[in-house]
Amino acid sequence: MPLRSLPRANSTTMASPLPPCTAVIYSALAIVALLLLSATAVNASQGDKEPVYQDCVTQCVRTNCTGARLRGFQSTQAPYMALTGWTCRDDCRYQCMWQTVGLYQAEGYSIPQFHGKWPFARFLCFEEPASALASLLNGLACLLMLLRYRSSVPRQSPMYYTITAFSLVSLNAWFWSTVFHTRDTYLTEKMDYFCASAVILYSIYLCCVRTLGLKRPGVSSMVGVLLILAFTSHVSYLTFVSFDYGYNMAANATIGIVNLLWWLCWCWQNRRTLPYWWKCGVVVVLLHGLALLELLDFPPLFWVLDAHAVWHLSTVPVHFLFYSFLIDDSLHLLNTEKTGVKLE
Ligand SMILES: [Zn+2]
């Protein structure tokens, strides 16, 4: 998930109600600036602009991707490669990418990117095997914890259906992230980005329902409608006007920071009454802090493990703590509702 386009920010220790929020805001603004800078850097793709690469692709396509040679390629191509849309031209690009990388290494130059990506060693049909595997693991962790949530929390808990819906939106995003990292196409890239944005916006809704909506249901309905409008506008702009990576990243980072600050302030306000508040605090700081790993943006180790894959791998354990918080909180809400205690 390209942003995966997730919310990105950081936090500091919480010593008193005002300073921590102020510190978090400053950290968050600094991080948005860093992200915008990195977005500009990532767009530059040295490798595919090289004449040696372009000539190689042209020659390879001319020789191998027409007439009898093309029919030969199609008849010998493994079914899983054909099913995942690998074409003769894609194969040419892949072979020529490694030829160009070899030349760069022989001359002692640093490894270039191609079409906005580092060179990755393909495994079967998986274009970015580590990120695809990590996305799958995130999805499995999410599914496992959703099942545990549903078996631990009675349906009468006020957050039960909102959390179930959030989990389904997250599962959908991890599915598309797995698909995108398996095969990067126009459609899979858009689905990865848009579904990740849906998770970020839904997490705002989840936060709103938990912190305000339980006492004032009208507020959550209004925020829900606003978020649907925001999502529709965001997707329409990226689809019909311009697919602007910098704008997409800035939009996701801004919503992510609102989410982070909102949850942290709620955690701080409830630290004396909710013994499990720290789980929420740790999760939101970890999720936003770990997203900073993407800023490292180094060539893949062993041609497999890049910063994006490390980021996706690092979020797998966070699901367990997050759902542990959701289970504790949902049971707490159910108990307070039963005993008639005022909700926090
Ligand atoms: Zn991703």
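**View 1. The span of residues 245-264 in the predicted model.** The whole span is helical, at 100% helix and 0% strand. Its end C-alpha atoms are 28 Å apart. The UniProt record, an unreviewed entry, gives residues 245-264 as a "transmembrane region". The same feature is placed there at residues 159-179, 191-212, 219-239, 276-296 and 308-326.

**View 2. The span of residues 159-179.** Here the end C-alpha atoms lie 30 Å from each other. Helix accounts for 95% of the span and strand for 0%. The UniProt entry, which is unreviewed, lists this span too as a "transmembrane region".

**View 3. The chain as a whole.** The chain has 13 helices and zero strands. Of its 344 residues, 34% are buried.

**View 4. The largest nonpolar core.** This core is made of 48 residues. Those with the most contacts inside it are Tyr149, Tyr205, Trp263, Cys280, Val284 and Leu326. Two or more residues come from each of the helices α6 (129-152), α7 (160-182), α8 (186-213), α10 (245-269), α11 (277-290) and α13 (318-339). Helix α8 provides the largest share, 14 residues.

**View 5. The surroundings of Trp263.** Which residues does Trp263 contact, leaving aside neighbours within four places in sequence? They are Cys207, Cys280 and Val284. Both Cys280 and Val284 are also listed, like Trp263, among the residues with the most contacts inside the largest core.

**View 6. Another core.** Apart from the largest nonpolar core lies another, of seven residues. Among them are Tyr53, Cys92, Cys96 and Phe114.

Methods: Residues numbered from 1 in each chain as written. Predicted model: local features only at pLDDT ≥ 70, side-chain atom pairs only at ≥ 80, totals over all residues. UniProt positions renumbered as here; feature names shortened; annotations may be inferred. Helix = DSSP H or I, 4+ residues; strand = E, 2+ residues; numbered from the N terminus. Buried ≥ 20, exposed ≤ 12 C-beta atoms within 10 Å, placed from the backbone. Core = buried A, V, L, I, M, F, W, Y, C linked by C-beta atoms within 7 Å. Contact = placed C-beta atoms within 7 Å.
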